[in-house]
Amino acid sequence: MPISKPHSTLGATNISSCSDLAMYLEKENNDLDMLLQKMNSIDEKREIESRKQFFFSHSKNNISTNEVISSIDKNIKKLGKTDAKYFAPTISFSQQELKHIIQSVTDKKEVKNVWELNINEYELFNDKIKGYTKLIMTNYAKNFNRENKGLKSGDDLVYFAKIEHFRKFKGTDEEVKKRIHKAGDYKPEINSHVHLVVSRKDKTQKLKLTPTTKERSITRSIGGNTYHVGFDRMKWINMNEKSFDIFFQYKRKEREKFINQCILKNGSPKEKEALLKEIETREQTIENTTNYGQNDTRNTSKGRSW
């Protein structure tokens, strides 16, 4: 399932400028620049240059880091010095989901990492992830339940996103502790994910939006005025999972579903046992239906005279 986490920050404070975060998200392009210096031919340099990723918003691509910093830092009307100015959600995918996305834009059955994609395939892959990110941010906006205040889609937010394709091992990873890999080594397989920088205020700068609040979804009344607070993170993840399956035409297995993963991870032994039996029954039913359809097709074709 695509995991969407509405982090407050990525290890830094979010009560001042987002400059540190925005500059940090240049790390992958910086690595490519270092690789670029080692290349000799023009074709090799073009290949590396074309792999760079830039920020994008709901309506624009190839946005500079300076524009991101300026837009987020200016969108702070009526926020106090100690108020959060922005949030940093991340979108991560499972290996099955990433392989499915790649297969949807290429004819390749097996891709071990993004370097195996040619430039055209690479661009299509990124475009698909960008399209899905915009759906996620529309879900993000809707999850605040303030459509009556004009917050209807991702276009009503001030946000910027950047795709990254690599992850590195950290000192806390088991592989590093066991000395299989060193801290800083690139992790194997496909590791594409998305980082976002989202302003605390909407485009109109009238609404404060806090996805990390402990209140899920509450309607309050003060002085005769009714307003909505809260952000249901579980609901957001479920919405994003559904959007993924529709957008990418992905037939998600029962064990992959977020709601089932939560029970298998956090449920009681009795709940886990009951769910596993239910999943096994469902999967068996689907398999039988599929096999029946295939056999029926073969039998029908045998009876044709043309």
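# Cavities, a pocket, a salt bridge and a helix pair

A search of the whole structure finds two cavities of 30 Å³ or more. The structure is a predicted model. Its largest pocket has a volume of about 590 Å³, and a search of the whole structure also finds 20 salt bridges. The points below cover the cavities, the pocket, one salt bridge and one pair of helices.

**Largest cavity**

- The volume of the largest cavity is about 40 Å³.
- Its lining is made up of Lys99, Ile102, Gln103, Lys108, Lys109, Glu110, Val111 and Ile190.
- Sorted by class, the lining of the largest cavity has four charged residues, three nonpolar and one polar.

**Second largest cavity**

- The second largest cavity holds about 30 Å³ of space.
- Leu25, Glu26, Glu28, Asn29, Gln53, Lys162, Ile163 and Glu164 form the lining of the second largest cavity.
- Two elements, α2 and β4, give two or more residues to this lining.
- Of the elements, β4 gives the most to the lining of the second largest cavity, with three residues.
- The lining of the second largest cavity divides into four charged, two polar and two nonpolar residues.

**Largest pocket**

- The largest pocket, with its volume of about 590 Å³, is lined by 21 residues.
- Closest to the centre of the largest pocket are Tyr24, Arg167, Lys168, Lys170 and His193.
- The elements that give two or more residues to the lining of the largest pocket are helix α2 (27–36) and the strands β3 (90–92) and β5 (193–199).
- By class, nine residues in the lining of the largest pocket are charged, seven are nonpolar and five are polar.

**A salt bridge between Lys168 and Asp31**

- Lys168, one of the residues closest to the centre of the largest pocket, forms a salt bridge with Asp31.
- The closest N and O atoms of Lys168 and Asp31 are 3.1 Å apart.
- Lys168 lies in the loop between β4 (159–164) and α7 (174–177), whereas Asp31 lies in helix α2, so the pair ties together parts that are 137 residues apart in sequence.

**Helices α8 and α9**

- Two packed helices are described by the angle between their axes and the distance between the axes.
- For helix α8 (residues 233–247) and helix α9 (residues 258–266), the axes come within 10 Å and cross at roughly 130°.
- An angle outside the roughly parallel, perpendicular and antiparallel ranges counts as oblique, and α8 and α9 are therefore oblique to each other.
- On the α8 side, the residues that meet α9 are Met234, Ile237, Asn238 and Glu241.
- On the α9 side, the residues that meet α8 are Phe258, Ile259 and Cys262.
- The residues of this contact between α8 and α9 comprise five nonpolar, one polar and one charged.

Terms used
Residues numbered from 1 in each chain as written. Predicted model: local features only at pLDDT ≥ 70, side-chain atom pairs only at ≥ 80, totals over all residues. Heavy atoms only, no water. Axes fitted to C-alpha atoms, helices over the stretch in contact; angles between N-to-C directions. Helix = DSSP H or I, 4+ residues; strand = E, 2+ residues; numbered from the N terminus. Parallel < 35°, antiparallel > 145°, perpendicular 65-115°, else oblique. Contact = heavy atoms within 4.5 Å. Nonpolar A, V, L, I, M, F, W, Y, C, P; charged D, E, K, R; others polar. 1 Å grid on protein atoms, 1.4 Å probe; cavity = no way out; pocket = protein on both sides within 12 Å on 5 of 7 lines; lining within 4 Å. Points joined across faces, edges and corners; volume = space filled by probe spheres on them. Salt bridge = Lys/Arg side-chain N within 4 Å of Asp/Glu carboxyl O.
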